Structure formats: C-alpha cells, structure tokens
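Good morning, colleagues. I should like to take a few minutes to go through the structure now on the screen.

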Amino acid sequence: MTDDKIRALGLMSGGLDSTLAANLMQNLGIEVLGLHFSTGFCVADRHRLLGNSNNRDKPYRNDALHAGAQLEVPVEIIDIKDRYLPEVVLHPKHGYGSGMNPCIDCRIFMLQRAKEILQERGYDFVFTGEVLGQRPMSQRRPPMQAIEIEAGLEGLLLRPLSAQVLPATIPEERGWVDRSKLFGIVGRGRHKQMQLADEFGLTDYPQPAGGCCFLPDENYARKLRDLLTHNGPDVDPDDMMLLKVGRHFRLGDEVKVIVGRHESENDFLERFRDGRGSVWLDAFSSPLTLIEGSPSAADLEFACRITARYSAGRTEAEVPVRWRLDGQEGQLVVRPLSEDRQLDEIRI
Amino acid sequence: MNSKRGSGSLRGYVHGILDPARLVELVDHCDVVVEARGTFCPEPVIRMQNAAALMSPGQVAMVVADDAGIEIDLPAWCISTRNEYLGVLREERFLRAFIRRAPARTADQD
C-alpha cells in the first residue's frame, strides 16, 4: 500500500452496475473498498432465507460478497438495520416512491455513512454504480445532485458509468481518474453494461431484476404499514423478518395470521414457532400457519378454517386441524373456508 | 482498462484448505468462536467480519451457524478480504466454518 495511491469507497449491491463501477475503478489504478449496506429489506436476503428449492444443498449467495471475490476487492458489510427503519423508512424527507421506498433518503443515508468512513479511514472519494435515468426516483439529474449535496459529498461522489454526462467531479478535475476512460451511459437499457461486462471478463453476475429492495413492492409496503399501524414504530426484528414470507391475514387489532405458501416458507415459519401460536393439519398436506397476538376462541377457529382452506383437504366437508397456543395443544374439526371473499376482506 | 478476469464462476462451493480431520481438531482449539445460530445471512458474515476486525494475524476463528448461506458466502468473503478459508464441518443441525486471519497487507502485496 503506497502512500500516494488514491483510495475510494464504492457502494456495492453486488448487481452488475456497481460491480462494473468497482472494476472500472480498479482498472484505473484506484484502491477500492466495497461497502455493502444491509438494510433488512433486501429481496435477495429473502431468497436466501427460503433456500434454493431447486437444489436444497446449494444455497443462494450474497451477490456483493461474490462480486468482491470475483474482483478481489474487499467488501465490508455495513449493518444499518437498526437505524434504517426509524431514521429512513418512517420519516423520509423526500417522500416515498411507488410503495414505501424512500429511495432518495436511502441514498443520502448510505452516502452519509460512506462519508463518515471516508473521513475516519482517509479515503479520497466515493463512487457508485448509479446510471442517469435508470430509476425513476433517485437516478434523475436533480435528485442525483441533491443526494450528493445532502450527503455532504459535493464533488467527491463519482458515478463512473454516467460520469461523462454529469458535471466533472474532484477526482476527475485533479486527475485521480481519467474522465475520458469513464462512460456516459443513460437510461434503463442494460445493453452497454452487458457489453462492458463482457469486455471486463465478468461472466458471473446476477441478472437485472428491477431492483433489490422490498420497499417499492406494494404488497410488501401494505404489510409493513399494517404492522406499524398495529404494533407501533418499535417493531420486533422477527416481525419484520416474517413480513417477507407467507399470506398475511388480520383477524383483529392485535391478532394476525401468517400462512405458508409452500414447503420452503413452512420450513422458514417453523423457525419462528416459539412464542407464537401455530396451526397445521396432520391428516392432509397443509401449510404451517403462525398466529401473532392473543387470539380469542373464535380467532383460533377462523385460523384453523383458513389453514384448512389452503390444505389438500380444502374440498372436504370437515377436517381435523391441530393447534398449539401458549404451551397447550389441541384439535378442532372445522369446515374449510370456501368463500374467497371472506379472505379478501382480511387479507393484508 | 479491459483487464480480463481469470477467476471464472464463483457460484459453486469453494473448498477450504484443511481436511475435515484437521478441522475437527480445531473445534476445541480455535482462538475465537463466533456464535451465529438462529441468524440469517448476512448476519453470520457480519458477526465474522466484526470478530475478525479484533483478531490478530494468524488467529483462527470458528463461526457456528445454521444458515446454509454461510457455506457459500464465507469463502467469498475470505477471497475478497484475503483471509484464509479453512473449510466447513457439517453437523446435523448446524455448520462450523473456519477462517484464519490474514497477515497485515504490505506494500508488496498491493
């Protein structure tokens, strides 16, 4: 490590754009440290939670770590879960996108943290894989400029994939990086990035899938709003984790049920059974249902009927359903719920 | 500018440098134990990363986890951070994965 080597922090999701940006910086002789922010809302985390149903012995990977391995760039995971919900998701200064996604505030928050690390450890600038015009909320020219200023990184935030269509930054002006070697990519297309990946010899990268965050997803946002409405902002991390799986139904102000949709979700829900009520069928293939809160007898019976509705015994007149609650176990014989309208009314 | 990479696909498992018999010996003789059972990726790697920051070069850590992701993510983390991935022991309900803290980087290595 020579003293005059320029050092940069790169925000790395593990997607193609941030991997290309890091690769480009390396090729220009910059020493790179990748920062991967763990918000608790990552879609890829959900895939890993549920496992690979096609090959149970081969789990999904963390793309940022694997991008780091491929480039031989150290990647540090920055755990921001505890601060992210109260400071970013609940009170976004710049508002939400299509769901509960505070994309602009999110970007500012991560870059502010990157700036702290830059100052603490003596790095020279920060770069990202952002592409002008690629995302509707945070990757337009005005918000990109506002993000840079509000993060306190004015002039020190380089977006190498779009740099040639953005104002020159300090790293370019001072000759730390050669602006002519950067790119001027604009828009949502990925053709140029895939061409660059080929040129750089990057063959193993995740396919673009429209973002890696749960918060823009309206279904997820609805479940999160429901949780915050009924549990308040001081939510349990396990409850947050459970928002990522299953069908959710609200039976009462303090009672919610979560019904597994397939074997992987049932296996996942199994890990959260302690401290919660649960419902399942022995006589037929069935989902595992978790009960949050303190259900009344009527709630418990309804949870049994919902579970029976999603079991292989759904067409039977009556089925025996097992339940476990507060250390007790029992069985109810119930009529599987047949009216989807009843479910739609309570579906979160 | 257009440097090609020779590392190829990292989708598969990376095998550790020690055989299972040697890893079994390490279970009771590692320098640091990182308990991560009941947590999900990326938490086991975060715990390993935080522990490694306090370890001296050459020290060995064992992370105990029940999230299968550790088996594929820890080797990747080791490659990217130049720590040594020693291998994994698969127990019935959890995994023990081992790393050795890399020596401090020198000018020659950069």
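**A sheet in chain B and a methionine in chain A**

I begin with a single pair of residues in chain B: Val64(B) has Arg96(B), in E4(B), as its bridge partner. Please bear in mind throughout that we are looking at a predicted model. The two strands concerned are E2, residues 60–65, and E4, residues 95–100, of chain B, which pair in the antiparallel sense over six bridges.

Let me widen the view to the sheet. In chain B, four strands make up an open sheet with mixed pairing, and their order is E1-E2-E4-E3. Which strands are at the edges? They are strand E1 (32–35) and strand E3 (84–90) of chain B, each of which pairs on one side only. On average, neighbouring strands of this sheet are turned by 20° against each other, direction ignored.

Packed on the sheet is helix H2 of chain B, residues 43–52, which touches E1, E2 and E4 of chain B. The direction of H2 makes about 155° with that of E1(B). A further helix of chain B, H3 (residues 70–81), lies across E2, E3 and E4 of that chain and runs at about 170° to E3(B).

I turn now to chain A. Met100(A) is found in the loop that joins helix H4 (81–89) to helix H5 (103–121) of chain A. Is Met100(A) buried or exposed? Its relative accessibility is 4%, so Met100(A) counts as buried, the cut-off being under 20%. Beyond its neighbours within four places in sequence, Met100(A) contacts several residues, among them Leu215(A), Leu224(A) and Val89(A). Val89(A) is eleven residues away along the chain, and its C-alpha atom is 7.2 Å from that of Met100(A).

Notes. Residues numbered from 1 in each chain as written. Chains lettered and ligands numbered in written order. Predicted model: local features only at pLDDT ≥ 70, side-chain atom pairs only at ≥ 80, totals over all residues. Heavy atoms only, no water. Pairing = 2+ DSSP bridges. Axes fitted to C-alpha atoms, helices over the stretch in contact; angles between N-to-C directions. Contact = heavy atoms within 4.5 Å. Buried < 20%, exposed > 50% of the residue type's maximum accessible area, 1.4 Å probe, protein only.
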